[in-house]
Amino acid sequence: MRNLVITKNKNELKDLETDKFNIIPFQLIKTVPLDFSVDTSQFEIIIFTSSRSVSYFFKKVEPKLIKDKIIIAVGEKTKQKVLSYNISEVLTPEIESSEGLVKLINRYKFYDKKILMPRAEKGIDTLPSTFKNIFLIPVYKTILNIPENIDYVKKLFNDKKIDYILFTSPSNVENFLKIFKERSLDYLKEIEVIPIGKTTASALLKNNIKPFFIPKKPSLKKILQELESKL
């Protein structure tokens, strides 16, 4: 059985099933809430780009305050998170990405509507740089997390027993490089490296790490199936 490291905590990976890989959780980031206030009455549309942004947003905003808004979620996982707050209708793009959201906004011609986008303190600027009617509000930030199993994973790398690693965000790539320092690129060049999507792939390429492949959908289950098909 091949060893696959995924940069998530074990609870986020508990539903993944495979008889071809030994999945090793390796949580490199953790999130903390930011203080914020917002007058939702000033906006007609709200875009959620992650399930975390949904959770942190609703810690301070009553769901009933946005029930008359057009709600957009980047993908199915984020949509389900929004629906769990008794929001009845959520739009999603055909492609689960920032580019997909751009196409959705263009398709519905939401150019003259004020759009609120709760997100991480640092994030992709594709949408706000494309549309001037989008207003960002940071609701959480990511910080470095030293995984509990770092010594175990480091030994596996040194013993050349890691076959694949799946990075689930650019921040995970950045923190992997910070944690393993001068050894990090050597570790990654000896194995197959998989990004969850194009943005994470770009973070790898900036560090001269060529992705094994870029998944068709940013779903861990789908990525695992795609990886299995390449064996």
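Buried here means under 20% relative accessible area and exposed means over 50%, with partly exposed in between. The model shown in every view is predicted.

**View 1. Arg 52 and Glu 12 form a salt bridge.**
Arg 52 is partly exposed, because its relative accessible area is 29%. Glu 12 is partly exposed too, at 33%. The closest N and O atoms of the pair are 3.6 Å apart. Arg 52 sits in helix 1, while Glu 12 sits in the loop between strand 1 and strand 2 (21-25), so the contact ties together parts that are 40 residues apart in sequence. Lys 8 joins these two residues in a network of salt bridges. The structure holds seven salt bridges.

**View 2. Helix 1 (residues 51-58) is largely enclosed by the rest of the structure.**
Six of its eight residues are buried, which is why the helix counts as largely enclosed. The buried residues are Ser 51, Ser 53, Val 54, Tyr 56, Phe 57 and Phe 58. Their cover includes two strands, strand 3 (29-33) and strand 4 (45-48). Helix 2 (76-83), strand 6 (115-120) and strand 7 (134-144) are also among the covering elements.

**View 3. Strand 8 (164-167) pairs with strand 1 and with strand 9.**
Strand 1 and strand 8 run parallel and are joined by three bridges. Within this pairing, Ile 6 has Leu 166 as its bridge partner. Strand 8 and strand 9 (residues 192-195) also run parallel, joined by four bridges. Here Tyr 164 stands opposite Glu 192. Both faces of strand 8 are covered. Tyr 164 and Leu 166 are buried on one side, and Ile 165 and Phe 167 are buried on the other.

**View 4. The largest cavity has a nonpolar lining.**
A search of the whole structure finds one cavity of 30 Å³ or more. Its volume is about 40 Å³. The lining consists of Leu 4, Ile 6, Leu 16, Leu 166, Ile 194, Leu 220, Ile 223, Leu 224 and Leu 227. Strand 1 (2-6) and helix 9 (220-229) are the elements that give two or more residues to this lining. Helix 9 provides the largest share, four residues. By class, the lining has nine nonpolar residues, no polar and no charged.

**View 5. Ile 223, in helix 9, is buried.**
The relative accessible area of Ile 223 is 2%. Ile 223 is also one of the residues lining the largest cavity. Not counting residues up to four places away in sequence, Ile 223 touches Leu 166, Ile 194, Ile 196, Phe 213, Pro 215, Lys 217 and Pro 218. Ile 194 is 29 residues away in sequence, with a C-alpha to C-alpha separation of 9.0 Å.

**View 6. Helix 6 (residues 170-180) has buried residues and a salt bridge.**
Asn 172, Val 173, Asn 175, Phe 176, Leu 177, Ile 179 and Phe 180 are buried. Their cover includes strand 3, strand 7 and strand 8. Helix 5 (150-158), helix 7 (184-189) and helix 8 (198-206) are also among the covering elements. Lys 178 and Glu 174 meet through their side chains in a salt bridge, 3.2 Å from N to O. The two residues are four apart in helix 6, about one helical turn. An α-helix has 3.6 residues a turn, so residues three or four places apart point the same way. Lys 178 is partly exposed at 46% relative accessible area, and Glu 174 is partly exposed at 40%. Lys 181 follows helix 6 and has a positive phi, near 50 degrees.

**View 7. Asp 159 and Lys 155 meet in a salt bridge.**
The N to O distance between their side chains is 2.7 Å. Asp 159 is partly exposed, with a relative accessible area of 35%. Lys 155 counts as exposed, at 51% relative accessibility. Side chains of opposite charge can pair when their charged atoms come close.

**View 8. The second largest pocket has a mixed lining.**
This pocket holds about 230 Å³ of space. Its lining includes Lys 8, Asn 9, Lys 10 and Asn 11. Pro 25, Phe 26 and Gln 27 also line the pocket. Asn 145, Pro 147, Glu 148 and Asn 149 are further lining residues. The lining divides into three nonpolar, five polar and three charged residues. Lys 8 is also part of the salt-bridge network with Glu 12 and Arg 52.

Conventions. Residues numbered from 1 in each chain as written. Predicted model: local features only at pLDDT ≥ 70, side-chain atom pairs only at ≥ 80, totals over all residues. Heavy atoms only, no water. Buried < 20%, exposed > 50% of the residue type's maximum accessible area, 1.4 Å probe, protein only. Contact = heavy atoms within 4.5 Å. 1 Å grid on protein atoms, 1.4 Å probe; cavity = no way out; pocket = protein on both sides within 12 Å on 5 of 7 lines; lining within 4 Å. Points joined across faces, edges and corners; volume = space filled by probe spheres on them. Nonpolar A, V, L, I, M, F, W, Y, C, P; charged D, E, K, R; others polar. Pairing = 2+ DSSP bridges. Salt bridge = Lys/Arg side-chain N within 4 Å of Asp/Glu carboxyl O.
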